[in-house]
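Biologist: I would like a close look at a single helix in this model. Please go through its surroundings as well.

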Amino acid sequence: MTTQRIQGIDHVGVVVQDLAASVDWYAEKLGFRVLHPFAFPGAVAAFVGREGLRLELLQVEGAAPPAPERFDRRTNLRLGGINHLAIGVANMAAMIADLEAKGVEIVSPPVEVPGSGGELYAFIRDGEGMLIELYQRAG
């Protein structure tokens, strides 16, 4: 009998309108680095990452931008599919201060997750307006 083990999420794919601008945003604002640029017919792409988190940014010919409802966290919750990307942080206050200094839009300031024992979340936007949750676990 073969035992199959899931080792976690390998990466998240994000369709972007401007690959170069998105790569620059993730590098400048969140400290990601390019791991592997590549292309296939009709698309250019790059894996970017930091500390085990990898994103596959894809600029695809003819790809539509996100629906306007995706840019508001309240209406985003009413759409099916993956809702947002959450990035774990060790120190929410320091992360928010750093991102504000870099001009990143803070969509919602840190809030404690009800019943979590002190876990915090906040939302920011990437360079194309996609919602990203920052999440600090308790302890």
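Modeller: What follows is an account of one helix and of a pocket that it helps to line. The model is a predicted one, and the helix is α3, which spans residues 92-101.

Four residues of α3 are buried: Met92, Met95, Ile96 and Leu99. Viewed down the helix axis, these buried residues lie within an arc of 95°, so they line one face of α3. Ala93 and Ala101, on the other side of the helix, are exposed. The cover over the buried residues of α3 includes one helix, α1 (19-30), together with the strands β6 (106-112), β7 (120-125) and β8 (131-136).

Next, the two ends. Where α3 starts, Asn91 places a side-chain oxygen within 3.2 Å of the backbone nitrogen of Ala93. Just past the helix, Gly103 has a positive phi of about 80°.

Met95 is buried in α3 and is also one of the residues that line the second largest pocket. That pocket has a volume of about 320 Å³. Besides Met95, its lining consists of Leu30, Phe32, Arg50, Glu51, Leu53, Ala86, Ile87, Gly88 and Val89. Strand β5 (residues 85-88) gives the most to this lining, with 3 residues. By class, the lining of the second largest pocket has 7 nonpolar, 1 polar and 2 charged residues.

The largest pocket, for reference, has a volume of about 470 Å³. It is lined by 21 residues, and the closest to its centre are Val14, Val15, Pro66, Arg70 and Met130. Strand β1 (residues 12-15) gives the most to the lining of the largest pocket, with 4 residues.

Note on methods:
Residues numbered from 1 in each chain as written. Predicted model: local features only at pLDDT ≥ 70, side-chain atom pairs only at ≥ 80, totals over all residues. Heavy atoms only, no water. Buried < 20%, exposed > 50% of the residue type's maximum accessible area, 1.4 Å probe, protein only. Helix = DSSP H or I, 4+ residues; strand = E, 2+ residues; numbered from the N terminus. Arc of directions from axis to C-beta. Contact = heavy atoms within 4.5 Å. Polar contact = N/O pair within 3.5 Å; in protein donor to acceptor, adjacent residues only side chain to side chain. 1 Å grid on protein atoms, 1.4 Å probe; cavity = no way out; pocket = protein on both sides within 12 Å on 5 of 7 lines; lining within 4 Å. Points joined across faces, edges and corners; volume = space filled by probe spheres on them. Nonpolar A, V, L, I, M, F, W, Y, C, P; charged D, E, K, R; others polar.
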